[in-house]
Amino acid sequence: TTGSTVSEGLQQASLIEALEANPEDPATWCDLGDTLSGDDTVEVNSTTYTEKDCYIKALKIDPLFSIAWCNLGVAVSSGIVVVSGTTYSQQACYVTALEIEPGNACLLYTSPSPRDS
C-alpha cells in the first residue's frame, strides 16, 4: 500500500537525518537496519549501508547490544557475517544475543531450535 511505503520512507529519512547528526547511536543504526531488507541500501554521510551493515555498525559501537545481534542473525539467514574481525553464523549471532541477555523472550522466540541448525 502506498500509505505504508510513504510512512516507511519518512521513518527511514528521519533515521538517516538522526545518524548524520549523531553517527554513534547504536539504537538508531539498528532501527535503520529494521527498515531495510534483502539488497535494499541507504546512504548515511556519503557511505552506502545494507541491512546487515547497519546492524554491524550498531555492534561496532556497542558490542553488547543484544537486539542488534538478534536482528543480524535474522538478516544473515544462511552464510556468515564478520563483526569486528570475527566470523559469525546465524546461530552464533543468536547465541551471542542470548549470552548477553538470557532472559529476553524475544530472543528466545527468534532463535532457531538446535534441530534447525
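**Reading a predicted protein model**

Guide: Let's start with one residue: setting aside its neighbours within four places in sequence, Asn71 touches Cys30, Asp34 and Tyr55. Keep in mind that this is a predicted model.

Visitor: Which helix is Asn71 in?

Guide: Asn71 sits in helix α4, which covers residues 66–76.

Visitor: And is Asn71 buried or exposed?

Guide: The idea is to look at how much of a residue's area is accessible, and under 20% counts as buried. Asn71 has a relative accessible area of 16%, so it is buried.

Visitor: Okay, let me zoom out. How many helices and strands does the protein have?

Guide: You'll find six helices and four strands. Going along the sequence, they come in the pattern α-α-β-β-α-α-β-β-α-α.

Visitor: What share of the residues is buried?

Guide: Of the 117 residues in the protein, 33% are buried. As for the outside, the protein exposes about 6,700 Å², and carbon and sulfur atoms supply 51% of that.

Visitor: How do I read contacts between residues that are far apart in sequence?

Guide: Take the contacts with a separation of 6 or more: 39% of them in this protein are between residues 24 or more positions apart. For a pair you can look up yourself, try Ala97 and Phe65. They are 32 residues apart in sequence, but their C-alpha atoms are 7.7 Å apart in space.

Visitor: Where is Ala97 found?

Guide: Ala97 belongs to helix α5, and its relative accessibility is 0%, so it counts as buried.

Visitor: Which residues of helix α5 are buried?

Guide: In α5, which runs over residues 90–100, they are Cys93, Tyr94, Thr96 and Ala97. If you look down the axis of α5, these buried residues fall within an arc of 160°, so they line one face of the helix.

Visitor: I see cysteines here. How many disulfides does a search of the whole structure find?

Guide: Zero. To call a pair a disulfide, the two cysteine sulfur atoms have to be within 2.5 Å.

Visitor: Why is Cys54 too far from the closest cysteine sulfur for a bond?

Guide: Because the closest cysteine sulfur, in Cys30, is 9.1 Å from the sulfur of Cys54. Cys93 is in no disulfide either, as the nearest cysteine sulfur to it, that of Cys70, is 9.3 Å away.

Visitor: Are those two cysteines, Cys54 and Cys93, buried or exposed?

Guide: Cys54 is buried, at a relative accessible area of 0%. Cys93, with 0% relative accessibility, counts as buried too.

Visitor: Last topic: backbone angles. How do I read phi?

Guide: The general idea is that most residues other than glycine have a negative phi. Now look at Asn45: it is not a glycine, yet its phi is positive, about 50°.

Visitor: Where does Asn45 lie?

Guide: Asn45 is in the loop between β1 (41–44) and β2 (47–50). With 41% relative accessibility, Asn45 counts as partly exposed.

Visitor: What about Ser84, what is its phi?

Guide: Ser84 has a positive phi of about 50°, and it isn't a glycine. You can find Ser84 in the loop between β3 (80–83) and β4 (86–89).

Visitor: Is Ser84 buried or exposed?

Guide: Exposed is the word for a relative accessible area over 50%. Ser84 has 55%, so it is exposed.

Note on methods
Residues numbered from 1 in each chain as written. Predicted model: local features only at pLDDT ≥ 70, side-chain atom pairs only at ≥ 80, totals over all residues. Heavy atoms only, no water. Buried < 20%, exposed > 50% of the residue type's maximum accessible area, 1.4 Å probe, protein only. Helix = DSSP H or I, 4+ residues; strand = E, 2+ residues; numbered from the N terminus. Arc of directions from axis to C-beta. Contact = heavy atoms within 4.5 Å. Areas by Shrake-Rupley, 256 points an atom, 1.4 Å probe, with all protein chains shown as cover.
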